[in-house]
Amino acid sequence: MSEKNRAVPQSVGIIMDGNGRWAKRRLMPRSFGHDAGMKRIVKLVECARAAGIRYLTLFALSTENLARPREELEGLFGLFRKYFEEYAPKLVAEDVAIGVIGDLSALPADVSGKMLEVCARSKRDAAFRLVFAVNYGSRAEIVRAANLAVKAGGEVSEEGFSRLMYTCGVPDPDFIIRTGGELRLSNFLLWQSAYSELYFTKTLFPDFDERQFKRALKEYSRRNRRFGKV
Ligand code: IPE
Ligand code: IPE
Ligand code: MG
């Protein structure tokens, strides 16, 4: 890999936070912010592909978010439906593989069905992999993997344990971006982020545009990743 390529993270995660506050500032309902967030996703996927990123994992709904009011959740489910009907099939046709991680059983059956259908149509060797974390919680994922390991019997290695995660096949994120100003991971990829570079911005997700994404990537390119070595 050339120096130039090493400066681009292969695998990126984004904690897309701040939609509700973005709407509130405009005296609009939270759903207005989620709509704007979805439009932003469409642009950022393009930007990530153009930048040479290979894997993009987007935190769309946490396990804890399921405790939000029904009305907000229905709105989010509607957006997932729209994304997987209108945008995802086009991406699959353009050599993008789409994946979903998390417990889909809490979603309306037509939404989870559509997601799984699009994922199944994605090619394994696609040039770019886009993963949505939906009703995803990292602790739940780790406990699930531990239970799978117990059922299989014997001991597991770190690599073997990683393969029991939802994220099997997706490299650990080199870079995790969180928009919205909070300085925490909120149960996102805790096992996988052991050596991720973290980037926090106060920008609310609907305002996180291509320019800001490029600025974040530039900062990544300046980081010195030592992995414990000297
Ligand atoms: C992130 O934005 C999107 C989801 C969690 C679904 P929020 O909805 O958390 O927005 P804020 O943090 O309340 O502004
Ligand atoms: C994290 O945002 C989850 C997603 C972006 C999907 P939250 O808004 O749920 O996080 P907290 O509650 O501020 O930690
Ligand atoms: Mg939030």
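**Ligand 1 and its surroundings**

Hi everyone, let's start with the pocket: the largest one is the space that ligand 1 takes up. Please keep in mind that this is a predicted model.

So, who are the neighbours? Ligand 1 is surrounded by 13 residues, and the closest are Asp17, Gly20, Arg21, Arg30 and Arg68. Sorted by class, that shell holds 5 charged, 5 polar and 3 nonpolar residues.

Which helices supply at least two residues each of the shell? Those are α2, residues 19-25, α3, residues 30-51, and α4, residues 70-93. The biggest giver is α2, with 3 residues.

Now let's zoom in on some atoms. At glycine 20, a backbone N or O atom sits 2.9 Å from an oxygen atom of ligand 1. Asparagine 19 also brings a backbone N or O atom, 3.2 Å from a ligand 1 oxygen. With arginine 68 it is the side chain that takes part: one of its N or O atoms is 2.7 Å from an oxygen of the ligand. As for cover, ligand 1 on its own has 380 Å² of accessible area, and the protein covers 87% of that.

Let's leave the ligand and turn to aromatic rings. How many aromatic pairs does a search of the whole structure find? The count is 15. One of them joins phenylalanine 59 and phenylalanine 188, which are stacked, with 4.7 Å from centre to centre and 15 degrees between the planes. This pair links distant parts of the chain, 129 residues apart. Phenylalanine 59 belongs to strand β2, residues 55-62, while phenylalanine 188 lies in the loop between β5 (175-178) and β6 (197-200).

Thanks for listening!

How values were computed
Residues numbered from 1 in each chain as written. Chains lettered and ligands numbered in written order. Predicted model: local features only at pLDDT ≥ 70, side-chain atom pairs only at ≥ 80, totals over all residues. Heavy atoms only, no water. Near = heavy atom within 4 Å. Polar contact = N/O pair within 3.5 Å; in protein donor to acceptor, adjacent residues only side chain to side chain. Areas by Shrake-Rupley, 256 points an atom, 1.4 Å probe, with all protein chains shown as cover. 1 Å grid on protein atoms, 1.4 Å probe; cavity = no way out; pocket = protein on both sides within 12 Å on 5 of 7 lines; lining within 4 Å. Sits in = over half its atoms within 2 Å of the grid points. Helix = DSSP H or I, 4+ residues; strand = E, 2+ residues; numbered from the N terminus. Nonpolar A, V, L, I, M, F, W, Y, C, P; charged D, E, K, R; others polar. Phe/Tyr/Trp six-rings, centres within 6.5 Å; stacked < 30°, edge-to-face > 60°.
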